[in-house]
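Biologist: I have a model open on my screen and would like to learn how to read it. Could you take me through it feature by feature?

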Amino acid sequence: MQKLADTLKNYGINGEITNQTDGPVLKIIEFTPKAGTKLKNITAITEDIRREMAVSSLRIEASSENNSILFQIPKGNADIIDFNEQITTTNFEKAKSKYELPIYIGSDIKGELVVADLTKMPHLLVGGTTGSGKSVGLNSFILSLISAKKPSELKFVLIDPKKIEFSIYNNQKYLYHPVITETEEAIDMLSHLAQEMDRRYEILAESMCKNITDYNLKGEGHLPYIVCVIDEFADLIATDKNVEKDVIRLAQKARASGIHLILATQRPSVDVVTGVLKANFPTRISFKVASSADSRTILDSQGAEDLIGRGDALYLASNGELKRIHGAYMTDNDIKEILKPYQSPTKARKITTKEKETNTKTKEKKKDSWFKRIVKAWSDLRAKDRKMIINAIKGIFKFLFTIIINNSSKKK
Ligand SMILES: Nc1ncnc2c1ncn2[C@@H]1O[C@H](COP(=O)(O)OP(=O)(O)OP(=O)(O)O)[C@@H](O)[C@H]1O
Ligand SMILES: [Mg+2]
């Protein structure tokens, strides 16, 4: 890669290429600059170097190991990182024993596994333009948690306003509630989770435990973790102002109660990814975005606009460290295969009309009349259940009718 050294020299940057390696997706050229060279002088000419080297994408990063600068360019024949392979590695096994809720983040540029504990994050914000790999990423987070925890220890609330991304998870023992696709229902669910958090805090206070790990160890009861994943939360925020309030309240307080949020959006505008939201989501991942402004909206730094798509991402850890990672890929069949042992014969319980009403009360919405509520409860029932109730009522009337007839014939 003498070309890189020559190009840099033309711009007055002297030094030498000290190493070159191929990661799964990128070629990484290590350049050790002459002492006294400022990194910002090199990053300032990134676009010129990219153009002169005729590569489609270039990212420049200081090495965390030595004084070198890492030039990352697409490898050409990128490997597809196989999710199944990744979660069966010994390193992931180790992470499973070390972390409470291990989330597979991806492979780093050299191909090393990157795993983090969701309980430490303690929530995750994901951004990226359409087709950049958000949903594949969310699936890998969900499935890595499933591979580490039993259905009794972990429940998911999956919110999918796009209606196609999470349908594969319906009828799973891991579901806290059937997959939610309607905005209204999603809004109710968030407010229900905020209530569930308060309920859990009361339980923890009563048994004098500071978090659910202590509570579950004490043996007085068992509370599963609840992980709420929203694949596209922009519309929810736009529909109802309470959504942001509920999300922020959950993000601020829910950690000890075992409730964690993973939010994704393809619309990283400042009215969706607000400052206050970001303040409560220190851990973030940005897949490729359209502009450096979008990158700053998600990560508070530019760079995600130079990513190459298909799972290529920047991961901002809760300690502020920014790392380039590549997500792993899985097909729908892979997902089905992983989920196969956890098929549930019954659907997850829907939150009842009564629970939804209590949520509504907390939001101080206008209350419906009792008649409207009965009509709504009735319409919320499944057709099968409605038929059962009608048959039961018919049966009761038949029974009463026979008694009345019998009594009156006896009197005669
Ligand atoms: N980690 C990956 N490795 C290889 N290819 C990937 C990876 N992630 C995504 N892709 C490719 O990109 C396509 C789009 O990914 P995905 O559906 O996750 O995008 P998205 O960000 O959710 O898009 P949208 O916003 O439209 O929902 C996938 O169908 C797949 O072909
Ligand atoms: Mg998607």
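Modeller: We will go through the sheets, then the helices, then two backbone details and the ligand. Please keep in mind that this is a predicted model.

Biologist: Let's begin with sheets. How are the strands of a sheet held together, in general?

Modeller: Strands of a sheet pair through backbone hydrogen bonds, and the pairing can be parallel or antiparallel. A good case here is the open sheet of four strands, which has the order β1-β2-β4-β3 and antiparallel pairing.

Biologist: Which are the edge strands of that sheet?

Modeller: They are β1 (15-22) and β3 (59-62), each of which pairs on one side only. Neighbouring strands are turned by 25° against each other on average, direction ignored.

Biologist: How many bridges does β2 share with β4?

Modeller: Six bridges link strand β2 (residues 26-33) and strand β4 (residues 69-74) in the antiparallel sense. To see one of these pairings, find Ile-28, whose bridge partner in β4 is Gln-72. Also look at helix α1, which packs on this sheet and touches β1, β2 and β4. The direction of α1 makes about 145° with that of β1.

Biologist: And the other sheet, in what order do its strands come?

Modeller: This open sheet of nine strands runs β6-β5-β13-β12-β11-β7-β10-β9-β8, and its pairing is mixed. At the edges are β6 (113-117) and β8 (154-159), each pairing on one side only. From one strand to the next, the twist averages 25°.

Biologist: Where could I look for a parallel pair?

Modeller: Try strand β7 (residues 124-127) and strand β11 (residues 283-287), which run parallel and are joined by four bridges. Gly-127 stands opposite Ser-286 in β11.

Biologist: Which strands does helix α6 lie across?

Modeller: Helix α6 (residues 134-148) lies across β5, β7, β8, β9 (225-231), β10 (259-265) and β11, and runs at about 130° to β5.

Biologist: Now for helix pairs. At what angle do α7 and α10 pack?

Modeller: Helix α7 (residues 183-206) and helix α10 (residues 241-253) pack at about 30°, with their axes 9 Å apart. Angles under 35 degrees count as roughly parallel, so α7 and α10 are roughly parallel to each other. The crossing of α7 with α10 is left-handed.

Biologist: Which residues of each helix make the contact?

Modeller: On the α7 side they are Ile-187, Leu-190, Ser-191, Leu-193, Ala-194 and Met-197. On the α10 side they are Asn-242, Val-243, Asp-246, Val-247, Arg-249, Leu-250 and Lys-253. By character, the residues of this contact divide into eight nonpolar, two polar and three charged.

Biologist: At what angle do the axes of α1 and α3 cross?

Modeller: The axes of α1 (residues 2-10) and α3 (residues 46-53) come within 10 Å and cross at roughly 135°. That angle makes α1 oblique to α3. The crossing of α1 and α3 is right-handed. Here Lys-3, Leu-4 and Thr-7 of α1 meet Ile-49, Glu-52 and Met-53 of α3. The residues of this contact include three nonpolar, one polar and two charged.

Biologist: What about the backbone itself? Which peptide bond is cis, with omega near -15°?

Modeller: Go to the bond from Met-121 to Pro-122, which is cis with that omega value. Pro-122 belongs to the loop between β6 and β7. A second backbone detail is Glu-232, which has a positive phi of about 95° although it is not a glycine. You will find Glu-232 in the loop between β9 and α9 (234-239).

Biologist: Last, the ligand. How many residues surround ligand 1?

Modeller: There are 15, and the closest are Thr-130, Gly-133, Lys-134, Ser-135 and Gly-311.

Biologist: What is the character of that shell?

Modeller: The shell around ligand 1 divides into four nonpolar, nine polar and two charged residues.

Note on methods: Residues are numbered from 1 along each chain as its sequence is written. Chains are lettered from A and ligands numbered from 1 in the order in which they are written. This is a predicted model: local features need pLDDT of at least 70, side-chain atom pairs count only at pLDDT 80 or more; totals for chains, interfaces and linings use all residues. A residue is near a molecule or strand if its C-beta atom, placed from the backbone, lies within 6 Å of it. Ala, Val, Leu, Ile, Met, Phe, Trp, Tyr, Cys and Pro count as nonpolar, Asp, Glu, Lys and Arg as charged, and the others, Gly among them, as polar. Axes are lines fitted to C-alpha atoms, for helices over the stretch in contact, and angles run from 0 to 180 degrees between N-to-C directions. Helices (H or I, at least four residues) and strands (E, at least two) are DSSP runs, numbered from the N terminus. Angles under 35 degrees count as roughly parallel, over 145 as roughly antiparallel, 65 to 115 as roughly perpendicular and the rest as oblique. A crossing is left-handed if the near helix is turned anticlockwise from the far one by less than a right angle, and right-handed if clockwise. Two residues are in contact if their C-beta atoms, placed from the backbone, lie within 7 Å. Two strands pair if DSSP finds at least two bridges between them.
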